[in-house]
Each structure stands twice: as structure tokens, then as C-alpha cells.
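Let us walk through this assembly together, one stop at a time. Keep the sequence and the 3D view at hand as you read.

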Number of protein chains: 4
Amino acid sequence: MGSVFGKNIKLSLFGESHGEAIGCVIDGFPNGIKIDNDFIELEMERRRAKNSSISTTRNEKDKVEILSGLLENKTTGMPIAAIIRNENKRSGDYSNLKIMPRPSHSDFTAMIRYQNYNDIRGGGHFSGRLTAPLVFAGALCKLALKEKFGINIAAHIKQIYNIKDKYPNDRLPSYKEFVNNYKKELSVFDNDAMNEMIKIIKEAKMNMDSVGGIITVVAFNVPVGFGEPFFSSIESRIAESMFGVPAVKGIEFGLGFDFVNYKGSECNDAYTIKNNKIKTKTNNNGGILGGISNGMPIVVNVAIKPTPSIAKEQLTLNIKTKKEEKLIIKGRHDPCIAVRAVPVLEAALSVALLDLCVEMKGKFLK
Amino acid sequence: MGSVFGKNIKLSLFGESHGEAIGCVIDGFPNGIKIDNDFIELEMERRRAKNSSISTTRNEKDKVEILSGLLENKTTGMPIAAIIRNENKRSGDYSNLKIMPRPSHSDFTAMIRYQNYNDIRGGGHFSGRLTAPLVFAGALCKLALKEKFGINIAAHIKQIYNIKDKYPNDRLPSYKEFVNNYKKELSVFDNDAMNEMIKIIKEAKMNMDSVGGIITVVAFNVPVGFGEPFFSSIESRIAESMFGVPAVKGIEFGLGFDFVNYKGSECNDAYTIKNNKIKTKTNNNGGILGGISNGMPIVVNVAIKPTPSIAKEQLTLNIKTKKEEKLIIKGRHDPCIAVRAVPVLEAALSVALLDLCVEMKGKFLK
Amino acid sequence: MGSVFGKNIKLSLFGESHGEAIGCVIDGFPNGIKIDNDFIELEMERRRAKNSSISTTRNEKDKVEILSGLLENKTTGMPIAAIIRNENKRSGDYSNLKIMPRPSHSDFTAMIRYQNYNDIRGGGHFSGRLTAPLVFAGALCKLALKEKFGINIAAHIKQIYNIKDKYPNDRLPSYKEFVNNYKKELSVFDNDAMNEMIKIIKEAKMNMDSVGGIITVVAFNVPVGFGEPFFSSIESRIAESMFGVPAVKGIEFGLGFDFVNYKGSECNDAYTIKNNKIKTKTNNNGGILGGISNGMPIVVNVAIKPTPSIAKEQLTLNIKTKKEEKLIIKGRHDPCIAVRAVPVLEAALSVALLDLCVEMKGKFLK
Amino acid sequence: MGSVFGKNIKLSLFGESHGEAIGCVIDGFPNGIKIDNDFIELEMERRRAKNSSISTTRNEKDKVEILSGLLENKTTGMPIAAIIRNENKRSGDYSNLKIMPRPSHSDFTAMIRYQNYNDIRGGGHFSGRLTAPLVFAGALCKLALKEKFGINIAAHIKQIYNIKDKYPNDRLPSYKEFVNNYKKELSVFDNDAMNEMIKIIKEAKMNMDSVGGIITVVAFNVPVGFGEPFFSSIESRIAESMFGVPAVKGIEFGLGFDFVNYKGSECNDAYTIKNNKIKTKTNNNGGILGGISNGMPIVVNVAIKPTPSIAKEQLTLNIKTKKEEKLIIKGRHDPCIAVRAVPVLEAALSVALLDLCVEMKGKFLK
């Protein structure tokens with residue numbers, strides 16, 4: 001329902017871009033999880049706009065205040081509420097959007113849906129700023145997944161515009177290798193590709209335009225046999241949370257759409273034994289069969305569209321005059337939201353997986 | 001949860017491939033909807049295996065018996081239960097799969113998940129046969145969507161292996177044009193492409209192999225302003241239901257993954273006026289902005305992997321001996337499940353949209 | 001939603017009194033539970049109308065056909081669907097109820113709610129007949145609760161009209177003592193009280209009238225620490241399922257409404273040690289503190305109103321003429337539904353508790 | 001799930017008695033509702049501890065800060081988050097409760113449930129303080145119910161210990177008459193009864209003891225035909241929210257448990273015409289038939305147990321030594337929580353009814 005996710009834990013996001021505060025409540029979070037504040041801060045930092053040449057100039061500290069659910073730095077099992085005050089708002093920028101809806105943005109649809117009562121300033125509740133509390137929630141979920149199940153979540157930019165990342169040695173890198181990228185300007189394995197991507201994004205920015213991208217998110221160490229068939233498949237659960245992230249327009253598991261280029265005999269994942277564990281030789285199914293984990297890494301690709309808010313002049317419809325007019329979008333926008341989506345999509349995956357794990361192992365997690 | 005879908009209507013699927021019966025219950029279905037039995041039969045017929053040269057030789061009449069929820073051929077608003085008796089079972093075929101799990105199939109994961117108690121015969125509850133009650137439920141939902149909202153749902157095969165369908169005149173065809181294809185051997189617009197696809201599938205069958213495909217599903221006439229941001233976005237809802245269909249491994253809306261090849265200025269959907277209604281000139285976002293419908297057709301592409309059950313000899317692991325062994329899969333399987341997935345994915349979309357519509361307009365639907 | 005119960009298991013009831021069949025689907029039921037058909041039959045038998053002098057003359061065999069979810073007499077973890085064909089229908093009896101709604105019955109409210117499309121024959125989906133599949137589902141849940149947790153559920157008639165049952169030795173009897181009553185004509189401990197109750201019911205029947213009652217339902221052996229505060233309290237969960245049973249108008253836990261007659265110092269349940277386990281000396285809270293089980297028996301009292309369908313002449317409104325008219329209700333009705341509600345309320349409690357247990361211990365139940 | 005209520009709106013409560021803040025998020029609240037801050041403040045005031053001779057000496061201003069979901073004093077349709085900072089905490093009082101659990105309180109059960117990680121100070125999340133955000137949420141829901149449906153919610157104290165309130169003229173008073181009581185020291189119609197109740201409570205306080213009570217909550221003007229049979233009955237929904245309030249141990253609708261004292265012919269609610277509307281002559285069913293509203297006031301009685309935290313010396317078990325020991329509870333507690341439960345239970349009913357109304361009429365509420 002609405003901005004609430006989860007069957008067993010309930011993540012509830014709230015706030016508007018230019019309101020008092022944004023934040024979240026996580027109900028049903030497991031008790032006894034040690035809170036690593038440095039890790040949380042690092043995750044928030046990863047999402048933050050930094051290099052102004054490739055991101056928005058709106059730069060907020062996004063300091064998280066945790067209001068409940070902790071005691072002596074451990075989770076109590078009670079709802080965890082956290083808020084982030086909005087500091088750097090400039091509401092004047094958005095005044096005309098109610099009659100001049102931005103193309104490919106939620107302005108028009110939200111206006112109809114909420115009968116003109118919604119807060120349109122900075123996109124209101126639809127703003128990418130809402131991904132900050134999502135990253136916070138994801139950080140907590142990562143801590144629980146790691147402590148209780150040894151599960152690790154990571155991601156990299158697979159593609160920006162026509163530039164594709166490459167894995168070293170042509171195999172899925174380890175969790176540690178993924179994490180090493182986080183120190184780089186972009187979460188990309190291949191440095192040449194990274195530099196090309198930065199160039200493309202800077203060009204887009206200079207041209208008052210934007211570009212999109214594809215992010216690959218991976219969950220390592222998911223136990224075998226978690227999930228269910230049909231509408232509670234792991235794919236259904238992850239897709240539900242991933243499509244909750246603004247600008248996501250596609251999702252695929254393993255080979256995904258590329259399956260169409262293979263024969264069954266070429267892409268079936270054969271079983272074998274590795275280190276005394278049943279594994280598959282390939283992982284074309286992205287770790288999921290029949291909606292249930294098979295013990296291989298869960299591999300998800302997510303398509304992010306180019307930022308719709310571009311500085312370039314566009315045509316749109318004046319809702320009042322019913323005439324097309326030229327629109328110049330003011331405000332500060334990322335030329336490529338895919339860049340900052342990396343930790344956000346990791347968070348979305350983490351929330352979906354913790355929800356699944358609690359369902360499988362129960363509220364006591366043992 | 002499990003084989004249950006929906007927040008406002010609840011579709012519950014049940015049954016196993018080689019059990020007594022398969023079926024469904026739909027709770028919360030709107031009252032007063034006229035049941036068109038010919039239409040339901042037509043939908044069931046579309047899913048049925050027909051031409052044995054491109055589909056399984058298991059051919060069932062799939063006669064639906066409706067047990068409740070109707071009176072004088074109209075829905076009463078009470079739960080609609082329907083069953084389909086299994087007739088054409090050959091259980092002997094599946095005896096060795098518990099120790100020799102089929103690659104890329106649910107055999108192994110279901111065994112772990114259900115602690116070896118699941119019914120593996122014919123894939124059990126994971127079987128594609130369970131899509132028969134889904135098509136039945138979808139047919140009812142289509143009737144309600146049409147009667148109450150004028151919404152129409154249709155689909156075509158966008159691609160099989162390397163063969164792509166083409167739209168006449170390079171624009172999204174109308175609902176009627178989609179429906180015209182249903183009389184053809186495959187739901188494809190371009191006859192040359194269709195013949196190539198049939199050839200490819202026959203070849204796969206002859207080679208004891210299989211191929212995958214991409215299906216495009218479209219909802220026409222969805223009202224503006226239905227949906228919600230974040231985890232209740234239309235994309236989240238549709239993805240949840242679509243990934244409930246076995247063998248689906250990817251989903252995208254509008255341009256989807258192809259967004260990566262565009263600049264924002266090239267793919268933003270500009271607003272305009274058409275027939276006195278606010279529309280967009282292009283529909284790259286597939287009818288959804290900010291998780292909410294914008295009045296354009298909802299366009300979804302779905303990737304279907306090649307049937308994992310192929311007759312060709314494969315290697316798999318013998319769970320008992322822990323040795324790799326050759327596996328010959330018996331039983332009757334479709335060389336390309338994408339073919340029969342067309343009405344199934346329409347059904348999945350119909351169920352998700354009716355659930356959304358009931359949420360937006362309430363239980364009285366007025 | 002609607003006739004669906006549960007967060008972790010999903011019980012979906014369907015059917016109408018005079019339709020083809022009634023039944024249920026239970027999704028998410030644990031795998032590996034041994035099905036004891038004799039026990040199920042016994043439970044169905046307990047609910048069945050028997051002695052026609054104190055119950056309806058509509059007597060159905062209520063033969064349950066299980067369609068899915070079992071293999072070699074054990075549950076597979078897949079949805080369990082079961083149907084009961086309606087045999088003994090006499091639809092002619094109900095023709096005038098659409099314009100002459102029965103007092104205190106669902107006729108009028110259902111008509112408005114379902115815009116006149118509902119099936120009113122025999123109460124349609126609102127009929128007490130729908131409690132037959134609930135008892136079936138409850139029987140399965142009892143088997144799972146017993147096998148996995150050692151939990152036992154039982155009930156007795158606490159009061160019919162002004163006649164109250166008495167516990168032997170003034171303490172809550174054991175599970176076994178409760179079960180011993182099941183062989184009696186009524187589930188009552190005190191035989192004198194039972195005979196008085198039978199007399200009262202017969203009188204009511206002779207007078208073409210009806211009486212109500214109070215049922216006490218008990219869950220023995222519930223582990224400590226199951227449940228949650230606020231809206232997921234055990235009380236909330238059990239109340240949700242109990243009020244799903246037709247004619248239930250009140251529920252209380254432990255002393256319940258009688259708490260008003262005590263001071264805190266008189267009714268607080270003091271902790272002590274019994275057989276090396278922490279127990280309370282009294283059980284005034286009915287086994288639940290802060291929404292969470294405390295290891296004592298869960299004790300629930302449920303108020304059942306007198307059957308609203310009485311044979312005695314009543315006044316009602318003719319919906320068409322807008323005049324009050326005399327109404328003679330035909331059809332066959334129990335003079336005291338509380339009698340047959342005993343196993344039904346046990347079933348409602350069983351379903352709620354199994355749902356809770358799966359949530360606490362996870363889908364693998366270990 | 002947990003501290004989250006609602007199917008269509010989602011109310012999420014958070015916070016601990018001695019933590020940073022308590023608060024709530026309401027997701028799915030209707031857009032365009034005008035916020036009456038005076039009314040909200042009045043509702044908060046009604047719940048506040050005032051007269052220290054009959055309530056706790058912990059007195060907080062409970063100033064609500066709304067963080068999101070409002071624009072120009074109207075709701076936007078986006079999640080409404082609100083926090084109340086805790087000011088008046090004295091955590092030292094509670095240090096020994098982990099080994100000396102208070103009788104009839106959540107100390108012991110919460111400890112087991114949350115594996116000893118829960119915050120026990122002041123009852124932590126189980127504290128009655130959490131009813132402050134519930135009253136805030138209820139105030140918003142009341143505003144929406146009134147503006148959109150004309151529904152009004154009110155309550156009075158029906159009984160404290162052995163003292164019963166009386167309705168003037170022996171009929172259910174009007175909404176306005178209920179509201180008139182709010183100026184009194186207790187929400188009671190009969191002034192003699194009120195004075196007796198105050199005397200009883202003062203005595204209990206002087207004796208370091210506590211008393212319980214029964215509250216009657218009424219919803220006026222609920223439209224006919226809202227609700228559903230079985231587990232989505234209005235009774236199920238209201239009971240789920242009411243049992244979310246700490247110390248509630250019983251609930252009944254209309255005559256409730258008193259039905260047992262009537263014959264069907266004596267308590268059936270006969271239909272008639274009043275002011276051209278179909279009404280019932282009596283309202284023994286409390287406005288609900290078959291789980292669906294019948295247009296009469298919804299009347300709910302709720303049993304509140306005596307405050308378990310009494311100052312009087314009690315015995316409890318020392319969890320460590322396994323010996324019974326004397327316990328003196330420090331801290332500040334209400335001698336009769338029923339007094340302050342009046343607006344809390346109104347809030348619980350308001351939330352349940354708004355959730356129902358949104359389900360019936362849809363997200364646009366028209």
C-alpha cells in the first residue's frame with residue numbers, strides 16, 4: 001500500500017522534498033542487531049550528491065536522527081523511526097509546474113491522482129530525496145542480513161548510455177571486489193569504462209540534457225530454498241521493491257531479456273558439486289528457480305531512465321490554456337540519476353530480502 | 001503470500017499437475033458483472049496446447065466448473081471458485097526427478113523449500129498447468145475491466161529467438177488489431193515473422209531443444225491518475241503479478257532497458273491535446289509516470305526463458321551419489337512456452353489492473 | 001479481505017448455501033503434516049446437525065473432497081483446496097426475502113452492499129453452512145498445531161440462555177476433560193446444566209423461537225513469547241477470526257468484561273514456578289499479556305446471539321411498499337446456533353493460532 | 001503486522017516511553033482534508049493526564065510536530081508523519097523489572113518475545129504513552145470521516161468498578177450530548193455516577209490499588225451497506241484495532257454478551273421507516289448485520305482491565321533466583337486507565353472506520 005513495503009517487516013517512507021523532514025519507520029525489524037553507525041553513515045554518503053560536475057548542486061548533509069527502536073546501540077525489535085530534516089530547499093523554483101507539467105515526470109499524474117492537493121515543490125513526495133530514508137533502511141537491513149545470514153548485497157553500474165562496464169576475468173566479481181569500487185568516482189569495475197561514463201555524463205550536463213543507465217545488484221550467500229512459487233516468487237518480491245525506486249523502468253534476473261537469444265540446451269544451469277555444496281555451473285537464472293533461491297548469487301539488472309528534469313528547453317502543455325508552450329525547468333537536477341541509484345537499489349534489494357528471510361525463518365530468526 | 005495475489009481482490013491458485021484438480025478462488029470480485037461464457041471459453045482455448053508440432057502433446061479440455069459466486073449469469077460479489085479436473089496425467093514419467101533434478105527447473109529448489117514433501121510429478125504446483133485457472137481468472141477480470149472502465153487488454157509475441165514481430169505502420173496497433181491476431185497460429189502481426197517463428201520452434205522441437213521469447217502486453221483505455229508512488233506504483237503491482245507466471249525472467253515498461261540508449265531530450269514524453277484530452281506525443285514511459293497512469297496505453301514487455309525441460313540429453317547432479325549423471329527428461333513439454341504465455345500474461349495484467357481499479361474506485365465501483 | 005483470513009497462511013472460504021458447492025483453499029499451510037482423516041471426519045461430525053429436536057432438520061453429509069496439497073497423506077506445503085457439494089437444498093423457501101428482509105439477518109445489508117446481485121437463497125454466502133469448510137480448515141490447523149507445537153484446542157458451552165455450565169473442582173479442566181464432553185449431546189461439563197440447556201432449546205424450538213449462548217474456547221500449551229503489541233496482539237488476531245463466524249457479537253479474554261468487578265491487587269496474575277517453568281498463579285489475563293502469550297492457556301469467551309431466523313411471526317418492512325408487514329420465515333433453522341458453534345469457534349481459534357505460529361517460527365517451522 | 005494497522009490506510013505507531021520521541025505515520029490518508037488544529041489539540045488534551053488525584057503525575061504537553069503530508073493546512077494524500085518528543089522521563093524507576101517482572105504487565109512476555117533486547121523503561125513501546133500518537137491519528141481520521149461522510153465518533157464511560165453510567169431518557173444520546181460530557185471531569189452522562197466513579201478511583205489511588213472500567217464507543221451516521229462477511233466484517237476490523245489498545249480485554253457489539261439473556265423474538269431488530277429511511281426499531285445488533293453496517297449507530301463496548309502497575313506491594317518471581325519476592329513498583333501510574341482510554345478508543349474506532357470507508361468508496365472518496 002502506498003509508500004509502505006513488506007509483508008513481515010513494514011517499511012513506511014514519508015516526507016516531501018521541500019517539507020519539514022523526510023524519514024521512515026521500519027516495523028518488525030529483528031531484535032538484537034548491532035547498529036554500526038559508521039556503516040550507516042558510509043551508505044548515506046554513497047547516495048549523497050558529491051562531484052557537482054556529474055550530479056545535482058543541491059547538497060544536503062542528510063543527517064539521520066533515529067527516534068526509536070534502539071537501546072545501547074542494538075535494535076530492540078520495536079519500530080525504528082528515523083528522520084532527516086530538509087535544509088537546502090528553494091521552493092520558488094517550482095511555482096509554475098501545476099499548469100506546466102514537466103514531461104515524463106509525475107507532475108501531471110500526481111495532480112490528477114491527488115485531486116490537485118499534492119505538494120509539487122521539488123517533486124514533493126515523488127522526489128528522489130525520498131531515497132535517502134530508503135538507503136538508511138537498507139543499511140539496517142544489510143546489517144541484519146549479514147549478522148543473521150551472512151548475506152551481502154552490492155551493486156555496480158553496468159551501463160551508462162552506450163558505455164558498458166566489464167567484469168575482470170569475465171566472471172561475477174566477489175562481494176569484496178564490488179565494495180572496492182565504492183571508493184571510485186563511480187561504482188564501475190573497468191576504469192576506462194568509468195572514465196567514458198563520466199565524460200558522457202558531463203557532456204549531458206553541459207548540453208542541459210540527461211542520460212540513463214543499467215545497474216546490476218547482487219545478493220551473495222542467500223541460503224537455498226527461500227521463496228515461493230507464483231506471486232510470492234523472489235522475483236515478484238524484488239520487483240515490487242525495485243519499482244518503488246523513482247525512474248526504474250525495467251528489471252530482469254540473470255540473463256533476463258537476453259534469454260531470448262539462447263536455446264534451452266545452451267542456457268540451462270547444470271547442477272554440480274562445489275566445496276561439497278550443490279551449485280550450478282552457470283547462473284543464467286540469477287539465483288532463482290521456481291521463485292525460490294538455488295544458492296547461487298541473486299543477480300538483478302535494473303533499468304533507470306534518463307532524468308526527465310532537464311535544463312534544455314522543452315515543449316509541454318499549458319493545462320489552463322490547453323496550448324503547447326515552451327518550458328524551461330529550473331531547480332537542480334542530476335544529469336544521470338543512475339549514478340546515485342547504486343546504493344538505493346541495493347537498499348531496495350536488502351529490504352526485500354530481509355522481509356523474505358524473516359518470513360522463512362520467523363520473527364525469532366532462529 | 002504464496003499463490004495468492006491482490007490487495008483488494010484476492011486470487012488464490014491451487015492444484016498440482018497430476019493431482020485431482022487445479023483451480024482458483026477470486027475473493028472480492030465486483031458484483032453485477034455479466035459472465036460471457038463464450039469469451040471465457042475462447043480465452044481458455046487460446047491457452048490450450050493445439051498444434052502439436054509447436055506445443056506439448058499433452059492436450060486437455062480444461063473444462064472449467066464454476067462452483068460459487070454467480071447467480072443468473074452475473075457475479076454476486078461473493079467469492080468465485082472454479083475447478084478444472086486433471087484428465088490426461090501420466091505420472092510414471094517423473095519418478096527419478098527427486099534425485100536427478102532437472103536443470104533450470106524448480107525440482108531442486110522446491111525440494112529444499114518444502115523439505116522433500118512437495119509433489120514433484122509434472123512439476124506439481126509449479127507446473128505451467130496452473131496458468132489455466134489464471135487465464136480463467138483473467139477472463140473474468142477482463143470482463144469487469146471492460147464493463148466498468150472500458151479497459152481492454154491484449155498481447156502479441158514481440159520476439160521468438162532471433163525473430164522479431166513488426167507493427168504495421170510502425171505505431172502501436174489498436175486493441176481490435178491485436179485481437180485479429182488471435183485467429184492466427186501465433187499472435188504475431190507480421191506474417192513473415194510468424195512463419196519464421198513457427199519454423200524456429202519446429203526446429204527446436206526436432207532438435208529436442210527449446211527457445212524463449214518476449215511478449216508485449218498492452219492495456220488500452222486505463223483512466224488517468226490511477227496508481228501510487230513507491231512500492232504501490234503500477235509497475236510494482238504489475239511486476240508482482242507477471243513474475244508470478246512461471247518462466248518469466250524480465251519485465252520492462254515502455255522503452256524499458258532501451259531507455260539507456262536515449263538522452264532525456266530524446267525520450268521525454270511531451271504533453272499535447274488530442275480529441276480534447278491531455279495525451280503525450282510519444283509513449284516511451286509505457287503509460288505510467290511516478291507509478292501512476294497518464295492516460296496512455298500501458299505497455300509491458302515480458303521475457304520468457306526457453307522451456308527448461310528439453311528432451312535432449314543433459315548433465316545433472318545425482319543428489320544421492322553426488323555425482324554428475326546424464327539426464328533424459330521424459331514427459332511432454334512445449335518447445336516454446338512463450339507461445340502459450342500470451343493469454344497468460346494478459347491474464348496476469350488483467351488481475352493486477354482490476355485490483356488497482358477496485359482500490360481506486362472502491363468496492364461499489366462507482 | 002472479504003472471506004480470506006491470515007497473514008502467513010491464507011484461508012479463503014467460498015460458496016453459497018444453495019449453490020453448487022462450498023469449500024476453502026488454505027495457502028501457506030506447513031508441509032509434512034500427517035493428515036488424520038478420522039480426526040477430520042470427527043470434527044465435521046461435531047458440527048453436523050444431528051438431534052433434530054435441538055437443531056435444524058437440514059442434514060447434510062458434508063463430505064469433504066480434498067483436491068490439492070496432499071501427497072501420500074501428508075501435506076506438501078502447496079495450497080490445500082477442498083470442496084463440499086451441496087445436496088439438500090430447497091431454494092423455494094427463500095423467494096420473498098428480497099423485499100421482506102428478515103430482522104437481525106444479513107438480507108438487507110447484503111442487498112445494499114452487493115447492489116442487489118447477491119444470492120439470498122438460504123442466506124447465500126452468509127449462511128452458517130460456510131462454517132463447514134471452516135471446521136475442515138480448523139481440523140487441519142489443529143493437526144499442525146499439535147504435531148509441531150503440542151498445542152491443543154478445545155471448547156465447551158459456558159452458557160445457554162440463563163443456564164451456566166460449571167467446571168468440576170472449580171478449575172480449568174484439562175484438554176482431555178474437554179474432549180470427553182464431545183461424546184455428550186452438548187459440550188458441557190455439568191450434566192445437570194446440560195439437561196437444562198437441552199430443555200431450554202427444545203422449548204425455544206417448540207415456541208418457534210431461539211436462544212443464544214456463550215462458548216469458552218481454550219488453547220493449551222501455547223509457547224511463551226508468541227505475539228506482538230498493538231494491532232498484532234494475539235487478542236487482535238483471534239478477535240479478527242472469531243468475528244468472522246456468523247452470529248458472534250462479543251469476545252473477551254480471561255476475565256474480560258468481568259475485570260470491571262476487580263481491583264488490580266485482586267486480579268493481577270502473580271508469577272511463580274511450576275515444574276521448573278515460569279507460570280502465573282491465576283490466569284485472569286487468559287494467557288496473554290501485552291498482546292503476547294505468557295505460557296498459560298489462552299482462554300476466550302465468545303457471545304453468540306439467538307438465531308435471528310425464527311419461525312414465529314414477526315414484523316418487517318416491505319422494501320417495495322414501504323409498509324410494515326407480517327413475516328413468516330420458512331426454511332429449516334437451528335433454535336440455538338451456539339450448540340453447533342463449538343467446533344466452529346475452535347476452528348477459528350486454530351486458524352488464528354497456526355497463522356501466528358508460522359509467523360513466529362517461519363515457513364520451515366523449525 | 002506489529003504496530004501497523006489498516007488495509008487501505010496504514011497507521012504505523014513508533015516510540016518508547018523513555019526514548020527520544022513517540023509518533024506515527026499515516027499512509028494513504030485521503031487528500032484535501034482540512035486540518036483543524038484546535039480540534040486536534042482538544043483531542044490530545046482529552047487524553048492528557050490532568051487531575052493528579054485520579055491520574056498519573058507524569059504530565060506531558062505532548063506537543064505534536066507534523067513533519068509531512070500537509071500543504072496550506074490541507075492533507076496532500078501523502079504519508080502524514082508526526083512526532084511527539086518525550087520530555088518528562090525518569091528512567092531510573094524501572095531498573096529491576098528485567099529480573100522482577102510486574103504481574104499482569106508485558107515485562108515478562110516482551111522479554112521472551114524480544115530475546116531480552118527490548119527497552120523495558122516505562123514499559124518501552126508497550127507503554128500507554130503510545131496512545132498519544134494514536135489519538136492524534138484518530139483526530140485526523142475523525143476530521144476525514146466527518147468531512148467526507150458526516151460520520152461522528154464519540155464515547156462515554158459506561159462503568160467504573162461497580163458504578164454504572166445511565167443515559168438520560170433511557171435512549172442512546174445524540175453525538176452532541178456525548179460531546180457535552182467532554183467538559184466534565186469524566187465523560188459520564190449521569191453526574192451522580194460520575195462523582196461516585198471519581199470517589200472510587202481516588203480510593204483506589206489512596207490504597208495504592210487500581211480499578212478497571214467499560215467504555216462505550218459509538219459511530220453515528222455510518223452509511224448502510226459498508227463492510228463484508230466473515231473475516232472482513234466490521235466487527236473483525238474494529239476488534240482488531242480496539243485490541244491494539246493496551247489493557248483492552250473484551251469487546252462486544254450492541255447487546256454483546258447480554259444477548260444470552262434474550263430470546264430471538266425479544267431481541268431481533270425489526271425494520272421500519274423513519275424519515276423516509278429504512279431503520280430498525282431497536283439496535284440490539286449495534287448497527288452491524290452480517291458484518292455490514294445497517295444504517296444504525298455502531299455501538300461498541302470495550303472492557304479495560306485495572307491498571308496492572310499498582311503501588312501496593314505484590315509478590316512476583318525473581319527470574320534469576322527463581323524465588324518469589326516482594327515487588328514494590330515505582331514510577332507514576334494511573335489508578336484507572338479507563339478514564340483516559342475514552343479518546344483513545346474513539347481514535348481506534350475512527351481509524352478502523354476510515355480504513356473501511358476508503359475501501360468502500362475508493363482512494364478518491366467519490
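Helix 3 of chain A, residues 131–149, is a good place to check geometry in this predicted model. With 19 residues at 1.5 Å a residue, the helix should span 27 Å, and its end C-alpha atoms lie 25 Å apart, which agrees. How many of the 19 residues of helix 3 of chain A are buried? The count is 16, so the helix is largely enclosed by the rest of the structure. Once you pass the end of helix 3 of chain A, look at A:Gly150: just after the helix, this residue takes a positive phi of about 70 degrees.

Now turn to chain C and find strand 11, which covers residues 248–253. Six of its six residues are buried, so this strand, too, is largely enclosed by the rest of the structure. What does strand 11 of chain C pair with? One partner is strand 16 of chain C (residues 298–304), which runs antiparallel to strand 11 and is joined to it by five bridges. Within that pairing, C:Phe253 stands opposite C:Val300. Another partner comes from the neighbouring chain: strand 11 of chain D, also residues 248–253, pairs with strand 11 of chain C in the antiparallel sense over three bridges. Here C:Ile251 and D:Ile251 stand opposite one another.

Follow strand 11 of chain D onward and you meet strand 16 of chain D (residues 298–304), again in antiparallel pairing and again over five bridges. D:Ile251, which stands opposite C:Ile251, also stands opposite D:Val302 in strand 16 of chain D. Put these pairings into their wider setting and you have an open sheet of 10 strands, with antiparallel pairing, in the order 9(C)-8(C)-10(C)-16(C)-11(C)-11(D)-16(D)-10(D)-8(D)-9(D). The edge strands are strand 9 of chain C and strand 9 of chain D, residues 163–164 in each, and each of them pairs on one side only.

The sheet leads us to the interface of chain C and chain D. The size of an interface is often given as the accessible area lost when the parts come together. Between chain C and chain D about 8300 Å² is buried, with 65% of it on carbon and sulfur atoms. On the side of chain C, the residues that lose the most area to chain D are C:Phe230, C:Phe231 and C:Lys249, which together account for 11% of what that side buries. The contact draws on 100 residues of chain C and 101 residues of chain D.

There is a polar side to this interface as well. Between chain C and chain D there are 44 residue pairs in polar contact, both residues being at pLDDT 80 or more, and six salt bridges cross the interface. One of the salt bridges links C:Glu235 to D:Lys249, with the closest N and O atoms 3.0 Å apart. Strand 11 of chain C gives the most to the side of chain C that touches chain D, with six residues.

For a close-up between these two chains, pick out D:Ser236 in helix 6 of chain D (residues 234–242). Is D:Ser236 buried or exposed? At 1% relative accessibility it counts as buried. A polar atom of the D:Ser236 side chain lies 2.8 Å from the backbone oxygen of C:Glu240. Beyond residues up to four places away in sequence, D:Ser236 touches C:Ala239, C:Glu240, C:Phe243 and C:Gly244 from chain C, along with D:Phe230 and D:Phe231 from chain D.

Chain D also meets chain A, with 46 residues from chain D and 46 residues from chain A in the contact. The area buried between them is about 3900 Å², and carbon and sulfur atoms give 59% of it. Two salt bridges cross this interface; one of them joins A:Arg85 and D:Glu65, at 2.8 Å from N to O. The interface also holds 10 residue pairs in polar contact, both at pLDDT 80 or more. Among the elements of chain D that give two or more residues to this side are strand 2 (10–15), strand 3 (21–27) and helix 2 (107–113). Strand 2 of chain D gives the most, with five residues.

Our last stop is D:Asp107, in helix 2 of chain D. D:Asp107 is buried, with a relative accessible area of 2%, and its side chain makes a polar contact of 2.7 Å with that of D:Arg102.

Terms used
Residues numbered from 1 in each chain as written. Chains lettered and ligands numbered in written order. Heavy atoms only, no water. Buried < 20%, exposed > 50% of the residue type's maximum accessible area, 1.4 Å probe, protein only. Helix = DSSP H or I, 4+ residues; strand = E, 2+ residues; numbered from the N terminus. Pairing = 2+ DSSP bridges. Expected span 1.5 Å × (residues − 1). Contact = heavy atoms within 4.5 Å. Buried area = accessible area lost by both parts, 1.4 Å probe. Salt bridge = Lys/Arg side-chain N within 4 Å of Asp/Glu carboxyl O. Polar contact = N/O pair within 3.5 Å; in protein donor to acceptor, adjacent residues only side chain to side chain.
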